[in-house]
Amino acid sequence: MPLTPAITDWPAQPLRDRVVIVTGGAQGVGRGIAQAVLGAGGSVMIADLDADAGRACLKEWALPERAAFQRADVASERSVQALVKAALKRFGRIDGLVNNAGIASAHGTPLADMTLAEWQRRLSSLHGAFLCSKHALPALRAQAGGAIINIASTRAWQSEPDSEAYAAAKGGLVAFTHALAISSGPDVRVNSISPGWITTDAWQAPARRRTPKLSRRDHAQHAVGRVGQPEDIGALAVFLLSDLSGFITGQDHIVDGGMSRTMIYAE
């Protein structure tokens, strides 16, 4: 290291020439991440069960050279294998993987009434992260600086009633993250993002888009003064996928506007 370190320029488009798979990428937080990747100069393969939402993304983005869609079920190994194959065929490489797909709602059946089938279905995000990481790792290792992001939740750290399965899935993703980071390093970095309250009403398929109905009190619960947006998660995802975060791996990053750090007293 020189005695006088030089000033380092920040890249204007930190994901230029990089290819990222985003599961559950056609709507909600996944779409926010996919759009952030495109905005950062990268190419994106979005995977989603909702083919109409996926096609709507491609039409609205109008970036055929940098955006593609593959209908995929991350709970199916055959479907995941086809997804990875399609990404490699379309773009020739994979530099990043964002495991976002899964059941969005934390509220479920009370544990005493929950069937094993529902429990397993609600753990689909954890199963999907395993399958997608397993099959994408060879391609990620082939690129210098490959990265995986698992989308967990603040519900990995705090809960409401009847959310055991969701909390287990998201907590499992956090643990899976640091385990995989140790196993896949130094070739591939692995981090997780735990979003808090993110409003996704306007980020759905066109027929389901709504203006968010948020009160002043909803915003006031956050130290930053507002409810989160998918772009907030996308901005951190770009950082974690890029070389700007080259010394960060195995970490969970809470993005909740300070909500989980605010002490709440019953009135």
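In which loop does Asp162 lie? In this predicted model, Asp162 is found in the loop that links strand 5 to helix 6. Its phi is near 65°, a positive value in a residue other than glycine. With a relative accessible area of 30%, Asp162 is partly exposed. Ala62 offers another such case, with phi near 55°, again positive in a residue that is not glycine. Ala62 sits in the loop between helix 2 and strand 3, and its relative accessible area of 54% makes it exposed.

A further backbone feature concerns a proline. The peptide bond joining Gly185 and Pro186 is cis, with omega about 0°. Pro186 belongs to the loop between helix 6 and strand 6 (188-195).

Turning to the interior, the largest nonpolar core has 33 residues, and those with the most contacts inside it are Ile33, Val44 and Ile193. Two or more residues are given to this core by each of strand 1 (19-23), helix 1 (28-39), strand 2 (43-48), helix 2 (51-61), strand 3 (67-71), strand 5 (146-151) and helix 8 (230-241). Another core, of 27 residues, lies apart from the largest one; Val84, Ala101, Val188 and Val190 are among its members.

The surroundings of Ile193 can be followed residue by residue. Leaving aside neighbours within four places in sequence, Ile193 is in contact with Ile149, Asn150, Ile151, Ala152 and Ser153, as well as with Ile233, Leu236, Ala237 and Leu240, and finally with Asp252, His253 and Val255.

Val44 also takes part in a pairing with Arg66: the two are 22 residues apart in sequence, while their C-alpha atoms are 6.3 Å apart in space. Arg66 is located in the loop between helix 2 and strand 3 and is partly exposed, at a relative accessible area of 21%. When neighbours within four places in sequence are left out, the contacts of Arg66 are Leu38, Gly41, Gly42, Ser43, Val44, Arg90 and Phe91.

Several helix pairs can be described next, beginning with helix 1 and helix 2. Their axes come within 12 Å and cross at roughly 30°, and the two helices are therefore roughly parallel to each other. The crossing is right-handed. Helix 1 brings Arg31, Ala34, Gln35 and Leu38 to the contact, and helix 2 brings Cys57, Glu60 and Trp61. By class, the residues of this contact are four nonpolar, one polar and two charged.

Helix 3 (residues 77-91) and helix 5 (residues 124-141) form a second pair, with axes that come within 9 Å and cross at roughly 30°. Helix 3 and helix 5 are therefore roughly parallel, and their crossing is right-handed. On the helix 3 side the contact uses Glu77, Val80, Gln81, Val84 and Leu88; on the helix 5 side it uses Leu131, Cys132, Lys134, His135, Ala136 and Ala139. Seven nonpolar, two polar and two charged residues make up this contact of helix 3 with helix 5. Val84, seen here at the contact, is also one of the residues of the 27-residue core.

Helix 5 has a partner in helix 6 (residues 164-184) as well: the axes of this pair come within 10 Å and cross at roughly 20°. Helix 5 and helix 6 are therefore roughly parallel to each other, and helix 5 passes helix 6 in a right-handed crossing. Here Ser125, Leu126, Ala129, Phe130, Ser133, Leu137 and Arg141 of helix 5 meet Ala169, Lys170, Gly172, Leu173, Phe176, Leu180, Ser183 and Ser184 of helix 6. The residues of this contact divide into eight nonpolar, five polar and two charged.

Finally, is Asp95 buried or exposed? At 5% relative accessibility, Asp95 counts as buried, because the limit for that class is under 20%. Asp95 lies in the loop between helix 3 and strand 4 (96-99). In sequence, 146 residues separate Asp95 from Leu241, yet the C-alpha atoms of the two are 8.2 Å apart in space. Not counting residues up to four places away in sequence, Asp95 touches Asp17, Arg18 and Val19, together with Leu140, Gln143, Gly145, Gly146 and Ala147.

Terms used
Residues are numbered from 1 along each chain as its sequence is written. This is a predicted model: local features need pLDDT of at least 70, side-chain atom pairs count only at pLDDT 80 or more; totals for chains, interfaces and linings use all residues. Side-chain values use heavy atoms; hydrogens and water are left out. A nonpolar core is a set of buried Ala, Val, Leu, Ile, Met, Phe, Trp, Tyr and Cys residues joined through side-chain atoms within 4.5 Å. Buried means under 20% relative accessible area, exposed over 50%, partly exposed in between (1.4 Å probe, protein chains only). Helices (H or I, at least four residues) and strands (E, at least two) are DSSP runs, numbered from the N terminus. Contact means heavy atoms within 4.5 Å. Axes are lines fitted to C-alpha atoms, for helices over the stretch in contact, and angles run from 0 to 180 degrees between N-to-C directions. Angles under 35 degrees count as roughly parallel, over 145 as roughly antiparallel, 65 to 115 as roughly perpendicular and the rest as oblique. A crossing is left-handed if the near helix is turned anticlockwise from the far one by less than a right angle, and right-handed if clockwise. Ala, Val, Leu, Ile, Met, Phe, Trp, Tyr, Cys and Pro count as nonpolar, Asp, Glu, Lys and Arg as charged, and the others, Gly among them, as polar.
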